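Q: Please take a close look at one part of the surface of this structure. I should then like to see, step by step, how that part fits into the rest of the chain.

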Amino acid sequence: MQGMDTKSDNPWKDTPEISARIVTAIGRIASVMRSGMWEFATAENLNPAQAEILQLLQSRSQGVRLSWLAAQLSISAASASDSVSALVSKGLLYKARAEDDGRATALFLTEEGAAMAARIGGALGFAEDAAAALPVARQTELLSGLFKLIAQLQKTDRFPEMRACLSCQFFEPNRHPGKSAPHHCAMLNVPLSVALLRLDCPEQLPADPATRQRNWKVFA
Ligand code: SF4
């Protein structure tokens, strides 16, 4: 009937907003990666949280605190503590004095733990291969879009701390305006393009909260 809002008038009217589909797509990719991790972890007799802990410790030879691990995994300190105890009893982690505070305890990978962490990285190689199959310009565009999304999420305080350039005291935004690498890393003393921005840099030193907020805001 004329004027009636039927499906044939507007076959796309039930399609969710682009923003909702972005979130769905990211969620789907995350669950494919989680199940890749799950498969690997089960075969190695680990649970996924234990596998994630090993990965987080892989490039942190100075050790990490239990409370930091819990925040990174968005789980309670009690659950993080259970996973850590299981990893210690498997000989993959050990506890020792924290380097920056002799009274505190930090967690470190044993040699076996480091070897297992390296194997876990390989288990998610299929997702990295898929991203690598995209043209380089598309990869850069996607990375830049994801940084911008993370920048928006940072405003909500729901994102755990990352060793990212945008949160680093060596990061100098727009020091070379108009250039293809407009930012600068004062630690390496080199210009930084968006394509080279790091999400997890071992050299990172956290900037003060106001600077961090300003950098992410400039980028959002
Ligand atoms: S490359 Fe590392 S040290 Fe340099 S700005 Fe980025 S996070 Fe900081």
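A: A residue is called buried when its relative accessible area is under 20%, exposed when that area is over 50%, and partly exposed in between. Leucine 149 has a relative accessibility of 35%, so this residue counts as partly exposed. Leucine 149 is found in helix 7. The model discussed here is predicted.

Leucine 149 belongs to a nonpolar surface patch of about 750 Å². The other members of the patch are Ile18, Ile22, Val23, Ile26, Leu134, Leu142, Leu146 and Leu153. Two elements, helix 1 (18-43) and helix 7 (136-154), give two or more residues each to this patch.

The wider setting of these two helices is as follows. The protein has 8 helices and 5 strands. Read from the N terminus, the elements follow the order α-α-α-α-β-β-α-α-α-β-β-β-α. The C-alpha trace spans about 75 × 45 × 30 Å along its principal axes. Of the 220 residues in the protein, 30% are buried.

Helix 7 also carries charged side chains. Arginine 138 and glutamate 141 both lie in this helix, 3 residues apart, which is about one turn. The two residues form a salt bridge whose closest N and O atoms are 3.2 Å apart. Arginine 138 has a relative accessible area of 47% and is therefore partly exposed. Glutamate 141, at 52%, is exposed.

This contact is one of 7 salt bridges found in a search of the whole structure. Another joins lysine 13 to aspartate 14, with 3.8 Å between the closest N and O atoms. Lysine 13 is partly exposed, since its relative accessible area is 38%. A further salt bridge brings together the side chains of glutamate 172 and arginine 175, at 2.8 Å from N to O. Both of these residues are partly exposed: glutamate 172 has a relative accessible area of 27%, and arginine 175 has a relative accessibility of 43%. Elsewhere, salt bridges that share partners join Arg60, Arg163 and Asp200 into one network.

The chain leaves helix 1 through a loop, and asparagine 45 is found in that loop, between helix 1 and helix 2 (48-57). Asparagine 45 has a positive phi of about 65° although it is not a glycine. With a relative accessibility of 59%, asparagine 45 counts as exposed. Asparagine 174 likewise has a positive phi, here of about 50°, without being a glycine. Its place is the loop between strand 3 (171-172) and strand 4 (183-185). The relative accessible area of asparagine 174 is 39%, so this residue is partly exposed.

The strands offer a contact of another kind, between aromatic rings. The count of aromatic pairs comes to 1. In that pair, the rings of tyrosine 94 and phenylalanine 108 have their centres 5.4 Å apart and their planes at 20°, so the pair is stacked. The pair links distant parts of the chain, with tyrosine 94 in strand 1 and phenylalanine 108 in strand 2, 14 residues apart. Tyrosine 94 is partly exposed, because its relative accessibility is 39%. Phenylalanine 108 is buried, because its relative accessibility is 8%.

Strand 1 (93-98) and strand 2 (101-109) are joined by a loop in which aspartate 100 is found. Aspartate 100 has a relative accessible area of 67% and is therefore exposed. From the C-alpha atom of aspartate 100 to that of glutamate 128, the separation is 35 Å, and the two residues are 28 residues apart along the chain.

There remains the ligand. The residues around it are Cys165, Cys168, Phe170, Phe171, Cys185, Met187, Arg198, Cys201, Glu203 and Gln204. This shell divides into 7 nonpolar, 1 polar and 2 charged residues.

To return to the starting point, leucine 149 is found in helix 7, and this helix, together with helix 1, is one of the elements giving two or more residues to the nonpolar patch.

Terms used: Residues are numbered from 1 along each chain as its sequence is written. This is a predicted model: local features need pLDDT of at least 70, side-chain atom pairs count only at pLDDT 80 or more; totals for chains, interfaces and linings use all residues. Side-chain values use heavy atoms; hydrogens and water are left out. Helices (H or I, at least four residues) and strands (E, at least two) are DSSP runs, numbered from the N terminus. Buried means under 20% relative accessible area, exposed over 50%, partly exposed in between (1.4 Å probe, protein chains only). Patches are made of residues with over 30% relative accessible area and no salt bridge: like charges are joined within 9 Å, nonpolar side chains (Val, Leu, Ile, Met, Phe, Trp, Tyr) within 5 Å. Accessible areas come from the Shrake-Rupley method with a 1.4 Å probe; for residues, only the protein chains shown count as cover. A salt bridge is a side-chain nitrogen of Lys or Arg within 4 Å of a carboxyl oxygen of Asp or Glu. A residue is near a molecule or strand if one of its heavy atoms lies within 4 Å of it. Ala, Val, Leu, Ile, Met, Phe, Trp, Tyr, Cys and Pro count as nonpolar, Asp, Glu, Lys and Arg as charged, and the others, Gly among them, as polar. Rings of Phe, Tyr and Trp (its six-membered ring) pair if their centres lie within 6.5 Å; planes under 30 degrees apart count as stacked, over 60 as edge-to-face and the rest as tilted.
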